Amino acid sequence: MSKPYENLSAVDPEIADLCVAEDRRQASVIRMIASENYASRAVVEATASTFGNKYSEGYPHKWKDGERQWGNGRYYEGQEFTNQLEQLAIERALRLFAPGKESQYHANVQPLSGAPANFAVLNALLEAGESFMGLALGHGGHLTHGHKVNVTAKYFAAHQFPLGSDALMDFDIIAKMAEEVKPKVMIIGTTSYPRSLDYSKFGEIAKSVGALLVADVAHISGLVAHNILPHPLPHADVVTMTTHKMLRGPRGGLIICRKELGEQIDRSVFPALQGGPHMNNVAGIAVALKEALSDDYVRYAKAVVENAKHLAKCMIDRGFELVTGGTDSHMIVADVTKGKDSVRAANGIVMSEDSARAGIVFNKNAVPGDEKPWRPSGIRIGTPASTTVGMGVADMEQIADWLVRIAQSKSDGSTLDAIRREVGEAMTGFRVP
Ligand SMILES: *Cc1c(COP(=O)(O)O)cnc(C)c1O
């Protein structure tokens, strides 16, 4: 499928050719990186709009005695449309994530992405050197939850908790660490944890030590919004997310918080961390939020989980070993060094590289217990993007069969190339946005 690049081709054919090549790649492989998706053409048009030309530091509101009052809170002139745009985005975010309770919450739609959103929240809630707790990266947490290479560990006292021995959240471990560390914030979110999260338990632990609870739902925003997975509210004080994963928006970040924290969070995003918001992205986010409020999206979100569960079942039937034995969400983590001999791979790198050559694109991933982070034993497979193009459970069956042939190919190029042709052929039957 080709997209119109007339102006770009005339000015810069090199970049136009790359855009066309990437469009073709995205239309001809099965994209199974769990954090990726396809934004709709409507989202893409809004994101490419002239709102990108506008400087609009500040907000479409001001804070007075803890209340958000709509009205021009910007530093530069010419904001008659940016104010309307950002107010719509905020209202839609609240309708999606706090329906019926919009007046108790606030939304900040300006974070440039998920990592800056998390840093903004920690910066709002913590002084330098104060302590917080998050899930360790190697156990499925995110870098911004206090990994040592991340700025969150440089400015704050970060404490990382592991999963239990069954690769599941172990509330005894978490409660014990909370008791010892007395964190001011607990940030709970996952990038490679296939199971649902019990936010009421995290909320209880946080409350018992006087910590605020931040839920980072980057991967699962669309699932929690429609209660397909447990909703973090009202247990969490703050919810952070990216807008380009399940939410199918442009790249960006989004923060929902209790109204009382709104002013503090807003100030931390701007002026503490960021300058002018990317208003073109805010436009794209507003469109994605409108789409995510639709019945179509609810059907989509349910299908994402149905596909992941079916793919998990098909993989188990064929001898793959899944971490936690299955999934509740959009994501599967498999330990490819285990399972039936015939489907084993040397490590996650071999399996993910061979699969990519065969046109099924996902990533290598550490699994709990991995001792060599540079040679992860696992792969992470997600269904959000493949479900967007219209794949269903029968297609998951076919993907599982391909995965078996890929594992059994032992990296044989001609086998992988043959599968690549079959995948390309199959992809012509789907609707790529
Ligand atoms: C993706 C992700 C982020 C970071 O988002 P970026 O947009 O890549 O900065 C943060 N937290 C979690 C849990 C994520 O999955």
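How many nonpolar, polar and charged residues does the shell around the ligand have? In this predicted model, the shell has 2 nonpolar, 9 polar and 2 charged residues. Altogether 13 residues surround the ligand, and the closest are Ser113, Ala115, Asp216, His219 and Lys245. Seen by secondary structure, the largest share of this shell, 3 residues, comes from helix 5, which spans residues 114–125.

Individual side chains can then be placed against the atoms of the ligand. A nitrogen atom of the ligand lies 2.5 Å from an N or O atom in the side chain of Asp216, while an oxygen atom of the ligand is 2.7 Å from an N or O atom in the side chain of Lys245. To these can be added His244, a polar side-chain atom of which lies 3.4 Å from an oxygen atom of the ligand. The ligand on its own has 380 Å² of accessible area, and the protein covers 86% of that area.

From the ligand site the reader may turn to the division of the chain, which comprises domain 1, covering residues 50–292, and domain 2, covering residues 303–427. The centres of the two domains, taken over C-alpha atoms, are separated by 30 Å. Where they meet, 19 residues of domain 1 are in contact with 20 residues of domain 2, and the two domains bury about 1500 Å² between them, with 61% of that area on carbon and sulfur atoms. On the side of domain 1, Ser192, Pro194 and Arg195 supply 38% of the area buried against domain 2, which is more than any other three residues supply.

Some details of the backbone remain, and two of them concern cis peptide bonds. Going from Leu233 to Pro234, the peptide bond is cis, with omega near 10 degrees, and Pro234 itself is found in the loop between helix 9, residues 221–225, and strand 9, residues 238–242. Asn227 also has its place in the loop between helix 9 and strand 9, and this residue has a positive phi of about 55 degrees although it is not a glycine. The other cis peptide bond to consider runs from Phe270 to Pro271, again with omega near 10 degrees; here the proline, Pro271, is found in helix 10, which spans residues 262–273.

How values were computed: Residues are numbered from 1 along each chain as its sequence is written. This is a predicted model: local features need pLDDT of at least 70, side-chain atom pairs count only at pLDDT 80 or more; totals for chains, interfaces and linings use all residues. Side-chain values use heavy atoms; hydrogens and water are left out. A residue is near a molecule or strand if one of its heavy atoms lies within 4 Å of it. A polar contact is a pair of N or O atoms within 3.5 Å; within protein, one must be able to donate a hydrogen and the other to accept it, and residues adjacent in sequence count only if both atoms are side-chain atoms. Accessible areas come from the Shrake-Rupley method with a 1.4 Å probe; for residues, only the protein chains shown count as cover. Helices (H or I, at least four residues) and strands (E, at least two) are DSSP runs, numbered from the N terminus. Ala, Val, Leu, Ile, Met, Phe, Trp, Tyr, Cys and Pro count as nonpolar, Asp, Glu, Lys and Arg as charged, and the others, Gly among them, as polar. Domain bounds come from an automatic or database domain assignment. Contact means heavy atoms within 4.5 Å. Buried area is the accessible area (1.4 Å probe) that two parts lose on being put together, summed over both.
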